[in-house]
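Here's a quick briefing to read alongside the sequence and the 3D view. Have a look first, then work through the points below.

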Amino acid sequence: MPRLTAKSATLLVLAALIAVTPFFFPSGYYYRVGALIFVNGLAVTGIVILTGYAGQISLGHAGFAGIGGYACALAPTHLGLHPSLAGVLGAVISAVLAYLVGRPILRLRGYYLAVATLGFGILVAMVLNNERALTGGPDGIAVPELGLRGLLKDWGLDLTNGQFWYFFCGIVLLIGAWIALNLHQSPGGRALRALHGSEIAAGTVGIDVARVKLQAFVISAVYASVAGSLVALQNKFITPDIAGFMHSIEMVTMAVLGGAGSVLGAIFGAGILTLLPQVLTVLAEYEQLVLGLVMMLVMIFLREGLLPSVLRKLRGRGE
Amino acid sequence: MKKTLTTTVPAALVALGLASAASAEIRLGASVSATGPAAFLGDPEAKTLEMLVEELNAKGGINGEEIALVLYDDGGDANKARTFATRLIEDDEVQAIIGGTTTGTSMSILSVAEDAEIPFISLAGAIDIIQPVKPFTFKTPHTDRMACQKIFEDMQKSGIQKIGMISGTDGFGASMQAQCKDVVGEYGIEIAADETYDPKDADMTAQLTKIRNADGVQAVLNPGFGQGPSIVTRNYRQLGIELPLYQSHGVASDGFIELAGKEAAEGVRLPGTALLVADLLAEDDPQKPVVTAYKAAYEGKFNEPVGTFGGYAHDGFALLVDAVTRAGSAEPAAIRDALEQTAGLAGTTGIYAMSPDNHLGLDLSAFRMLEVKDGRWSIVE
């Protein structure tokens with residue numbers, strides 16, 4: 001029997017988790033939390049490609065999530081598109097924007113890149129907030145129903161709203177993880193990782209540094225956009241918060257906490273940071289404190305992020 | 001950020017399904033924005049709810065049943081509000097929800113509540129929440145549109161025909177700006193200058209100078225909440241503008257006078273609720289007992305002045321208690337039916353009378369035109 005590759009192992013673990021955990025749910029509310037984890041996991045998988053593989057930092061990815069989300073709200077009413085196609089349109093717009101914005105700003109490095117992407121994210125949030133006639137302004141705007149749940153019902157598969165979004169987001173996350181893992185092994189992915197090690201060295205061995213960086217940026221923008229669309233369709237309502245600066249920071253934090261270099265680690269990080277506020281509601285005012293403490297401990301003791309560090313320790317002990 | 005106020009059933013037990021045994025209590029859910037950008041609305045709302053539940057339980061509850069309040073802080077985030085609404089309904093199994101400090105969070109909660117057929121009393125301003133009427137959604141604050149109408153009515157009385165507007169770009173300011181522009185025509189008033197400012201701006205003299213220089217402006221209206229209107233008021237005096245200045249119900253509190261400064265705030269008019277002028281109300285005013293009782297209890301307990309927004313939560317809770325008492329049952333459907341039949345209930349905001357096609361139940365009389373005189377709010381006759 002051929003040995004399980006890391007890629008199939010990751011996908012299997014993920015699929016098993018998605019399929020099995022619902023059996024332990026005490027109430028319908030947990031489907032909602034699960035779906036949120038998957039959506040955040042998807043956005044963070046995009047960050048893994050950009051930050052974990054290519055070593056570039058973006059503080060503006062919430063902007064793409066905003067574009068994806070508002071595409072689902074606006075395209076059906078203004079262009080008559082089906083909400084699912086609206087999500088695709090959002091992804092295309094995000095990709096094009098990422099390409100246009102990325103071309104000049106990916107020439108920047110380190111802090112400058114972070115600041116430029118930050119500016120982009122804030123711009124999107126400002127447009128969503130201020131273009132009241134189109135976006136509904138800070139009060140938000142309604143998003144039409146996806147309609148897939150009704151379709152499944154006609155086919156004999158009757159799911160509650162929570163269950164439907166749990167499995168739907170789970171499947172999209174699996175697809176996203178599969179693509180990211182494939183990329184990791186591909187020549188393109190190797191180029192990205194070479195770039196992460198040293199841009200000069202990568203250039204010397206014939207990698208078109210600017211192009212490869214731009215690819216990573218565009219791909220991760222599409223991930224964020226699709227995640228934004230899923231949030232919008234699931235909530236049937238969207239506010240400009242989705243494009244806010246804090247949301248960008250949240251994405252990066254999730255990736256770094258779980259382990260930006262590994263897809264499973266990043267999803268794990270998304271899970272923890274989505275769950276913590278829900279668990280900590282009992283601890284009232286201490287939520288921020290606990291979050292900060294967890295972050296600091298991880299940064300100090302588990303530099304690669306939670307999951308990769310723990311796995312390494314476990315493996316080390318096994319040998 | 002959850003506080004379960006009765007000592008009976010902690011949420012953990014509910015999650016394990018052990019709660020069904022303790023059915024002799026009414027489970028009330030709340031999701032408000034006690035932190036985040038809307039904290040200064042949500043914080044008094046949370047405090048008010050906790051205080052009122054405690055008071056009521058000390059008196060023996062409704063129809064002999066105590067109220068268990070499950071309160072979450074959504075931080076003003078619509079996505080979180082939806083999660084908490086789901087949690088309240090599916091996990092905490094509440095029979096009714098009060099909350100939704102902002103329009104965004106209210107819209108999120110209402111879609112969950114409507115699906116689950118749980119009555120929801122919103123604490124946010126926008127008219128979209130109850131129009132078109134949704135069977136299970138009610139709200140206590142008057143709409144922005146009503147505030148605009150009240151202000152324009154007052155302007156009309158003073159013969160004002162041309163005004164300048166300066167609005168905050170936050171949710172409150174932007175929504176009211178749009179509503180005012182929509183309704184202004186009915187009063188024969190023209191908006192000659194329409195300026196905006198960011199809620200974080202520290203100086204609005206540029207916008208105000210533009211308004212002053214606009215042709216024939218007779219008064220200025222400033223929809224917004226937070227510190228923006230205080231800065232506008234101070235800049236207004238610094239520029240020596242003599243025209244009447246109208247603020248919105250968003251800053252109807254003593255805090256506004258303090259922040260703007262007594263001299264600068266002098267003469268400012270705004271549509272406010274009875275709560276702000278509790279001491280000045282006529283003895284036979286039906287709102288007088290409610291307003292004085294709430295003001296005394298709140299200020300005694302938290303040592304801070306009451307505000308319009310805490311009053312919204314007070315009224316939401318009063319509506320609910322009234323409905324449960326009349327229905328003689330805490331079944332969600334029974335609460336809903338009783339809420340819809342609310343008649344003549346005096347709250348801090350106004351006197352509520354609901355009907356199948358009116359889930360707000362307030363009219364313009366709920367607003368009183370107030371003016372700052374000698375550093376204090378007074379009622380304009």
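A patch here is made of residues with over 30% relative accessible area and no salt bridge, where like charges are joined within 9 Å and nonpolar side chains (Val, Leu, Ile, Met, Phe, Trp, Tyr) within 5 Å. This is a predicted model, where local features need pLDDT of at least 70, side-chain atom pairs count only at pLDDT 80 or more, and totals for chains, interfaces and linings use all residues. Residues are numbered from 1 along each chain as its sequence is written, and side-chain values use heavy atoms, leaving out hydrogens and water.

**The nonpolar patch**
- Leu85(A), Val88(A), Val92(A), Val96(A), Tyr99(A) and Leu100(A) make up a nonpolar surface patch, together offering about 540 Å² of accessible area (Shrake-Rupley method, 1.4 Å probe, with only the protein chains shown counting as cover).
- Val92(A) sits in helix 4 of chain A, residues 83-105 (helices are DSSP runs of H or I, at least four residues; strands are runs of E, at least two).
- Val92(A) counts as partly exposed because its relative accessibility is 45%, between the cut-offs for buried (under 20%) and exposed (over 50%).

**Annotated spans**
- An unreviewed UniProt entry annotates "transmembrane region" on chain A, including residues 85-102 and 164-183; such annotations may be inferred rather than shown by experiment.
- Residues 85-102 of chain A are 100% helix, with end C-alpha atoms 25 Å apart.
- Residues 164-183 of chain A are also 100% helix, and their end C-alpha atoms lie 29 Å apart.

**Where the chains meet**
- Contact (heavy atoms within 4.5 Å) links 29 residues of chain B with 26 residues of chain A.
- One salt bridge is counted between chain B and chain A (a side-chain nitrogen of Lys or Arg within 4 Å of a carboxyl oxygen of Asp or Glu).
- Asp115(B) and Lys236(A) form a salt bridge through their side chains, at 3.7 Å from N to O.

Key. Chains lettered and ligands numbered in written order. Buried < 20%, exposed > 50% of the residue type's maximum accessible area, 1.4 Å probe, protein only.
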